[in-house]
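Student: I should like to learn how to read features of a protein model. May we begin with the way two helices pack?

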Amino acid sequence: MLEDIKKACQVLRDGGVILYPTDTVWGIGCDATNAEAVKRVYAIKQRTDSKALLVLVDSPVKVDFYVEDIPSVAWDLIELTEKPLTIIYDGARNLAPTLLADDGSVGIRVSGEKFSQQLCQRFRKAIVSTSANISGQPTPSNFSEISDEVKSLVDYIVEYRQDDMSHPKPSSIIKLGRGGEVKVIRE
């Protein structure tokens, strides 16, 4: 696993795109601060950049670096959630503008999964995480379901957990407004 993390970090630092396991489904990832790398992710997914991408971080402390004003309820949600939770925050900062929603918001998930958490920790920046499929096609549940087309378009494929045949679910998604309002996007 450590060798995989080293290689993946080098590819991310060089502006490349990786295919990697997360706390939910396998993801296509890149440096969330690199606009050119983010553009490549949209191209691989054949998705317009009007649909925002989410990012992973390794600890709640990192959320503060990427969001201007975090509603206090966010800390409770992060601490109390028992399954992967993506929170959409207003006022994103320090990220590639192309991955943000039109309103300047961003979805951030604090990963609790060993590999993606250590990857984020060693990379020291947020990493884009979007399902490893072409837009409109079914989300692959595990590595064996990822299309050869997607595999051929990334710069590095992580070996760790390729043989895992579990069927993880996508994260829950909640949008937090500046006034403290909470909107459930996906349970």
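Tutor: A crossing is called right-handed if the near helix is turned clockwise from the far one by less than a right angle, and left-handed if anticlockwise. Please keep in mind that this model is predicted.

Student: Which crossing does α1 make as it passes α5, left-handed or right-handed?

Tutor: The crossing of α1 and α5 is right-handed. Helix α1 spans residues 2–13 and helix α5 residues 114–123; their axes come within 10 Å and cross at roughly 50 degrees. This angle makes α1 oblique to α5.

Student: Which residues make the contact?

Tutor: From α1, they are Leu 2, Asp 4, Ile 5, Ala 8, Cys 9, Leu 12 and Arg 13; from α5, they are Phe 115, Gln 118, Leu 119, Arg 122 and Phe 123. By kind, 8 are nonpolar, 1 is polar and 3 are charged.

Student: How does one judge a residue in a loop, and is Val 154 buried or exposed?

Tutor: Buried means under 20% relative accessible area. Val 154, in the loop between α6 and β7, has 10% relative accessibility and therefore counts as buried. Beyond its neighbours within four places in sequence, Val 154 contacts Val 17, Ile 18, Leu 19, Arg 40 and Ile 44. Arg 40 is 114 residues away along the chain, yet the two C-alpha atoms are separated by 9.1 Å.

Student: What of Asp 90, buried or exposed?

Tutor: Asp 90 lies in the loop between β4 and β5 and, at 17% relative accessibility, counts as buried. Its side chain makes a polar contact with the side chain of Lys 175, at 3.0 Å.

Notes:
Residues numbered from 1 in each chain as written. Predicted model: local features only at pLDDT ≥ 70, side-chain atom pairs only at ≥ 80, totals over all residues. Heavy atoms only, no water. Axes fitted to C-alpha atoms, helices over the stretch in contact; angles between N-to-C directions. Helix = DSSP H or I, 4+ residues; strand = E, 2+ residues; numbered from the N terminus. Parallel < 35°, antiparallel > 145°, perpendicular 65-115°, else oblique. Contact = heavy atoms within 4.5 Å. Nonpolar A, V, L, I, M, F, W, Y, C, P; charged D, E, K, R; others polar. Buried < 20%, exposed > 50% of the residue type's maximum accessible area, 1.4 Å probe, protein only. Polar contact = N/O pair within 3.5 Å; in protein donor to acceptor, adjacent residues only side chain to side chain.
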